[in-house]
Amino acid sequence: MNSTSHDRLLIIDFGSQVTQLIARRLRELNVYCEIHPYQNVTDAFLQSFAPKAVIFSGGPASVIDDGSPRPPESVFALGVPILGICYGQQVMMEMLGGRVERGHGTAEFGRAFVTPSTTALPLLDGWFANEKEQVWMSHGDHVSAIAPGFDVFGTSPNAPYAITADISRNFYAVQFHPEVHHTPNGAKLYENFIRLAGFGGDWTMGAYREEAIRKIRETVGDAKVICGLSGGVDSSVAAVLIHEAIGDQLTCVFVNNGLLRKNEAEDVVKMFRDNYNMPLIYADEQELFLGELDGQSDPETKRKIIGRLFIDVFQKHAKEVGGAKFLAQGTLYPDVIESVSFSGGPSVTIKSHHNVGGLPAKMGLKLVEPLRELFKDEVRALGRELGLPAAFIARHPFPGPGLAIRCPGEITRAKLDILREADAVYIDQIRKHGLYDEIWQAFVAILPVRTVGVMGDGRTYDFACALRAVTSVDGMTADYYPFTHEFLGETATRIINEVAGINRVTYDITSKPPGTIEWE
């Protein structure tokens with residue numbers, strides 16, 4: 001869907017690791033924006049996209065090097081406000097007649113403090129209440145001479161041109177990263193920028209819902225659509241939105257692969273059949289999946305088996321629909337961004353277990369991806385707009401391979417049953433203590449070892465398990481949740497007392513990086 005009815009802001013990406021955060025900050029301010037790699041932004045693209053404002057992201061390159069990334073010269077002739085961030089500031093200065101030099105003791109990485117000049121700047125309304133602002137710097141090169149027409153509005157110890165602007169042309173440039181939470185007042189800077197650019201804040205989930213429904217109807221016509229329903233938030237919101245658009249032309253296929261959490265299959269099927277009355281095929285394929293996974297221990301082998309079987313099963317049950325021409329997916333905007341590599345080369349494989357990977361081509365289907373412009377938090381907002389139950393919308397992420405990757409070592413039915421029960425107790429504890437919404441993701445992993453224990457007067461020799469809980473914004477980085485020792489002790493006692501087969505409980509305090517959120 002191309003949101004041409006909205007005022008649009010273009011983010012030109014020069015390879016920063018935090019470019020997505022810029023878009024998230026703007027979306028939170030009800031501004032529609034898109035990220036595009038610099039090499040895709042041509043004169044023709046700019047004319048077609050017609051942005052109301054432009055932001056240059058940061059990036060790892062040096063503007064001093066030959067062949068370093070550049071936006072087209074024509075961007076400066078659009079007559080719209082431009083904000084350059086870090087590398088974006090440097091490329092703006094270099095292209096408009098300023099000068100950038102190597103570090104030589106002026107590099108800054110991490111927290112820094114910017115002080116204002118004596119002249120006020122509308123971009124900085126609400127800043128410098130305490131005479132200086134904390135910001136996050138990450139630069140080796142530095143601007144040594146600003147371009148003609150620019151003035152200095154803020155400095156830091158190692159960045160004498162930390163904030164510059166050409167007010168007459170509405171060009172602004174900062175050396176720091178206002179999008180990261182280490183710049184506490186960064187959101188205010190973005191708010192000021194979009195105000196200066198004249199955005200009306202017309203990007204809302206109510207408006208998106210109406211546009212998406214209209215677009216789905218135009219795309220699909222009277223054809224049939226099938227949707228692989230995983231029970232997760234993304235596929236569920238996509239299914240409800242499409243059903244609202246085309247009704248019984250949509251059929252969902254929910255595959256129970258035996259790797260779901262306790263009561264999950266029943267809960268998902270009940271919610272969709274009772275609340276939405278949509279055509280739903282429940283495919284109970286537990287024996288097939290668990291039969292092929294039995295005894296498998298290599299993580300990638302597990303993923304490939306699950307992915308292959310899912311395609312086979314989905315294809316088999318989709319034939320029951322007959323004549324379907326479209327496949328619905330819960331693709332999100334981060335997936336779209338990651339599929340276009342900054343370097344222009346082949347994009348990396350994001351998930352080898354993507355449930356519907358290869359299906360469209362294999363089945364001759366066209367895609368319907370109504371969420372491809374949304375971030376995860378926007379999907380949850382759309383879910384609320386569509387009336388999905390609040391408890392369902394707020395669910396923690398659940399991996400495509402399910403419990404298979406929370407069961408390191410060989411997979412057996414017995415271990416999966418133990419894992420399901422332990423996980424249910426753990427999540428119940430988190431909810432009882434009112435912590436569920438503070439945590440990005442929480443789960444139990446059953447370890448491939450047995451340990452000696454004592455229960456009553458008897459010796460036990462049962463499995464150990466690890467509890468995992470992390471906080472995160474988008475899952476790209478994460479830190480462990482700081483449970484109290486009282487909580488951990490109480491939870492361990494419950495698991496050992498209530499779950500037959502576990503006699504030892506540990507807590508995983510590894511951050512991401514270096515670890516991953518899931519164990520496999």
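# Working through a predicted model

Helices H5 (residues 205-220) and H6 (residues 233-246) pack with their axes 9 Å apart, at an angle of about 65 degrees. Keep in mind that this is a predicted model. Grab the structure and let's go through some exercises.

## Exercise 1: two helices side by side

Find out which residues make the contact between H5 and H6, and how they divide by class.

**Solution.**
- Step 1: Look at the H5 side, where Arg209, Ala212, Ile213, Ile216, Arg217 and Val220 take part.
- Step 2: Now the H6 side, which brings Leu241, Ile242, Glu244, Ala245 and Ile246.
- Step 3: Sort them by class, and you get eight nonpolar, no polar and three charged residues.
- Step 4: Check the handedness: the crossing of H5 and H6 is right-handed.

## Exercise 2: another helix pair

Work out how H14 (residues 413-432) and H15 (residues 485-498) cross, and what sits in their contact.

**Solution.**
- Step 1: Start with the geometry: the two axes come within 10 Å and cross at roughly 145 degrees. This crossing is right-handed.
- Step 2: From H14, the contact uses Ala422, Val425, Tyr426, Asp428, Gln429, Ile430 and Lys432. H15 answers with Phe487, Glu490, Thr491, Arg494, Ile495 and Glu498.
- Step 3: By class, that gives six nonpolar, two polar and five charged residues.

## Exercise 3: into the core

Which residues have the most contacts inside the largest nonpolar core, and which helix gives the most to it?

**Solution.**
- Step 1: Recall the background: in soluble globular proteins, nonpolar side chains tend to be buried together.
- Step 2: Here the largest nonpolar core has 49 residues, and those with the most contacts inside it are Tyr426, Ile430, Ile439, Ala469, Phe483, Ile495 and Tyr507.
- Step 3: The helix that gives the most to this core is H14, with eight residues.
- Step 4: Zoom in on Tyr426. Leaving out residues up to four places away in sequence, Tyr426 touches Ala442, Phe443, Val444, Leu467, Arg468, Ala469, Phe483, Phe487, Thr491 and Tyr507.
- Step 5: Apart from this core lies another one, of 45 residues, with Ala212, Ile213, Val237 and Ala238 among them.

## Exercise 4: reading an open sheet

Put the strands of the five-stranded open sheet in order, and explain why one side of S14 and of S16 has no neighbour in the sheet.

**Solution.**
- Step 1: Write down the order, S14-S13-S12-S15-S16, with parallel pairing.
- Step 2: S14 (280-284) and S16 (366-368) stand at the edges with a single partner strand each, so one side of each is left without a neighbour in the sheet.
- Step 3: Follow the twist, which averages 30 degrees from one strand to the next.
- Step 4: Zoom in on one pair: S15 (residues 324-328) and S16 run parallel and are joined by three bridges. Phe326 has Lys366 as its bridge partner in S16.
- Step 5: Add a helix. H7 (residues 264-275) packs on the sheet and touches S12 (224-229), S13 (250-256) and S14. The direction of H7 makes about 165 degrees with that of S14.

## Exercise 5: hairpins and a strand with two partners

Trace the chain from S9 to S11, then say where the side chains of S11 point.

**Solution.**
- Step 1: S9 (residues 151-156) and S10 run antiparallel, joined by four bridges. A hairpin through two residues links S9 to S10. Gly154 has Ile163 as its bridge partner in S10.
- Step 2: S10 and S11 form a hairpin too, with four residues between them, and Asn170 in the turn has a positive phi of about 60 degrees. S10 (residues 159-166) and S11 pair in the antiparallel sense over four bridges.
- Step 3: S11 also pairs with S4 (residues 82-85), this time in the parallel sense, over four bridges. Here Ile82 is partnered with Phe171.
- Step 4: In a regular strand the side chains alternate between the two faces of the sheet. In S11 (residues 171-174), Phe171 and Ala173 point one way, Tyr172 and Val174 point the other way, and all are buried.

## Exercise 6: buried or exposed?

Decide whether Arg395 and Thr331 are buried or exposed.

**Solution.**
- Step 1: The cut-off for buried is under 20% relative accessible area.
- Step 2: Arg395, in the loop between H13 (390-393) and H14, has 17% relative accessibility, so Arg395 counts as buried.
- Step 3: Thr331, in the loop between S15 and H10 (333-338), has 12%, so Thr331 is buried.
- Step 4: Check the surroundings of Thr331: beyond four places in sequence, Thr331 touches Val336, Glu369, Leu371 and Arg372.

Key:
Residues are numbered from 1 along each chain as its sequence is written. This is a predicted model: local features need pLDDT of at least 70, side-chain atom pairs count only at pLDDT 80 or more; totals for chains, interfaces and linings use all residues. Side-chain values use heavy atoms; hydrogens and water are left out. Buried means under 20% relative accessible area, exposed over 50%, partly exposed in between (1.4 Å probe, protein chains only). Two strands pair if DSSP finds at least two bridges between them. Axes are lines fitted to C-alpha atoms, for helices over the stretch in contact, and angles run from 0 to 180 degrees between N-to-C directions. A crossing is left-handed if the near helix is turned anticlockwise from the far one by less than a right angle, and right-handed if clockwise. Contact means heavy atoms within 4.5 Å. Ala, Val, Leu, Ile, Met, Phe, Trp, Tyr, Cys and Pro count as nonpolar, Asp, Glu, Lys and Arg as charged, and the others, Gly among them, as polar. A nonpolar core is a set of buried Ala, Val, Leu, Ile, Met, Phe, Trp, Tyr and Cys residues joined through side-chain atoms within 4.5 Å.
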